[in-house]
Amino acid sequence: MPIPPPPAPLESNPAQAVLVGLLNLSCLGLGYALLKQWIPAAVCWVATVVLLLVALPADVDGIPTGVLVGYGVFLLAAAADGARRGLRAPLALGGTSGAGASGPGSRAGAAYRRLALPLALGLVLLAVPVGGSVAYGAARDEAVEQSLLARLAEADKQVKSVEGQSFGGAEHTYRKALAVYQELGTKHAGSRAGRLVPDRLTEYYASVSAPYGQKKYCEAVPGLQHLRALPERVDRSLLDGLTGKADDPLAHSWYECGVAGLGGAGTEATAGEHLNALQSTFPQSPYAGKVEPAVREALTTRATAISAGDACAGVVALRRFDTSVDLLQPKATFASVARDTDKEIQKGDFSCGVEQFEDKEYTEAVQTMTEYAEQYPDSPQTAHAKSIAIAAEIADETPAAGKRLPSATAPGGSRMVMVVSNDGPGEVELLYTGPVTGRVTLKACGSCTAYAGSLRLGAAKPKVCTGPSSKYPKATLTLPAGDYHFLQKRSGSAGSLSAADKSSTAKIEPGYSYTNCLYVTSGFGF
């Protein structure tokens, strides 16, 4: 029995190979399906499903690069494998027809004609992955837009959340929002969010500068300084009409806050700093030209307050005002105001001492008038200040001595002599006030000792100053007639158990001369 010959190998069909490869590039494994190769077709379907699960929904960051590269390599491998398998695979795509269709050439032509429609279909199906890529790209772009709009909305929310707060407390939040606006407006300028940034910066300006519109000038200064510096932090193309807009409000706020703070408790230094900033930053501003007249007017107001009201509180405010004036630049411009301020402070110090004396604040009056005499030794009121200090010191021990303020001038008329002697072991100072006020210091009596005191009622007083007159240090006073209060202030010494201040009174009458012997007892005396 004859053995049948082996089947002739199938002829290669390049068009068929191209068809299968193109159909596999459709992402659906259609080339394998055409060849009825279902296992590799299923692999293509699984790969495409995995890609869809990773890609959808569209994300701002898109599909991970590794996934895309891997899937692309897979598609190319599937296309190459499909082309290899389809090169000689038998496909039933319809038979030949028509007369004269014989011979190899006519059979090849017929095969190409049979493949024309499937090839065209394969090319059409390539639009599936291409269209999918385009659609995915559009979805991803929209996701990016929505993400940028969400960031813009969050920045807007931050700005809104700090409205009404001081800029110092809200600065961190404002700067965070500003950084977002800057990034959106520059790195994403073409996005919908980026195109909205100029309008948002206008609203940002309104929020930060709100205190100025409310005439809260001191509160407005930090925010306006921040707004003036925006061109250094934000692209100028985004600052639609905002560049330089803060200049005049800042100059105005510096002026109003600076003038209002002159002499204020805790604001004296910042007042000077604000006015200096105004004059150095905006020297041509109309507000800069108003500084010197405003400072002088403030001085007049404070000087008037001293004479019309609480002198001590007024001079304290005037000293704070002086601190502000000392800070002002240039010095030459404010030299005259500085001199006048010093004069008003001198007047205020004296008025404060008088006020304290009249309010029976004798300790304070002593300190104020003593300091006045030391600070202003050439003042025509220095002698009077010393008299008031002496009278206040006596009145602190004997309140009756403070019934009236010592006179600034001594009375005329005759004067009576009072010789004061020291019969005590220590140096003694005698203060007196009446028609005239003064003090005299007597040296210690070297041979004198303290007298023994007694607590018995009606006990005899010690006989003092009974020795030779030359023994006792002396001082002579010439006093107009009138009632006087005396205060003896003796330094402690050996043998004296009591060095307390001692007060007394005396009436000086015309035509008499007087002696006054000062002594010390071991317990109680005078």
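**Exercise 1. Work out how strand β2 pairs with β3 in this predicted model, and find the partner of Leu-430.**

Step 1: Start with the strand pair. β2 covers residues 428-433, and its pairing with β3 is antiparallel, running over 6 bridges.

Step 2: Zoom in on one residue. Leu-430 has Val-440 of β3 as its bridge partner.

**Exercise 2. Place β2 and β3 in their sheet, say which strands stand at the edges, and find the helix that packs on the sheet.**

Step 1: Read off the order. Four strands line up as β3-β2-β5-β6 in an open sheet, and the pairing is antiparallel.

Step 2: Look for strands with a single partner. These are β3 (437-442) and β6 (502-508), so each has one side with no neighbour in the sheet.

Step 3: Check the twist. On average, neighbouring strands here are turned by 20° against each other, ignoring direction.

Step 4: Now add the helix. α19, residues 382-397, packs on this sheet and touches β2, β3 and β5 (482-490). Its direction makes about 100° with that of β2.

**Exercise 3. Four valines form a nonpolar surface patch: which helix gives the largest share, and is Val-67 buried, partly exposed or exposed?**

Step 1: Pick out the members. Val-46, Val-50, Val-54 and Val-67 make up the patch, with about 300 Å² of accessible area together.

Step 2: Assign the helices. Helix α3 (residues 38-55) brings 3 residues, the largest share. Val-67 sits in helix α4, which spans residues 65-86.

Step 3: Classify Val-67. Its relative accessibility is 31%, so Val-67 counts as partly exposed; that class lies between under 20% for buried and over 50% for exposed.

Key
Residues are numbered from 1 along each chain as its sequence is written. This is a predicted model: local features need pLDDT of at least 70, side-chain atom pairs count only at pLDDT 80 or more; totals for chains, interfaces and linings use all residues. Side-chain values use heavy atoms; hydrogens and water are left out. Patches are made of residues with over 30% relative accessible area and no salt bridge: like charges are joined within 9 Å, nonpolar side chains (Val, Leu, Ile, Met, Phe, Trp, Tyr) within 5 Å. Accessible areas come from the Shrake-Rupley method with a 1.4 Å probe; for residues, only the protein chains shown count as cover. A salt bridge is a side-chain nitrogen of Lys or Arg within 4 Å of a carboxyl oxygen of Asp or Glu. Helices (H or I, at least four residues) and strands (E, at least two) are DSSP runs, numbered from the N terminus. Buried means under 20% relative accessible area, exposed over 50%, partly exposed in between (1.4 Å probe, protein chains only). Two strands pair if DSSP finds at least two bridges between them. Axes are lines fitted to C-alpha atoms, for helices over the stretch in contact, and angles run from 0 to 180 degrees between N-to-C directions. Contact means heavy atoms within 4.5 Å.
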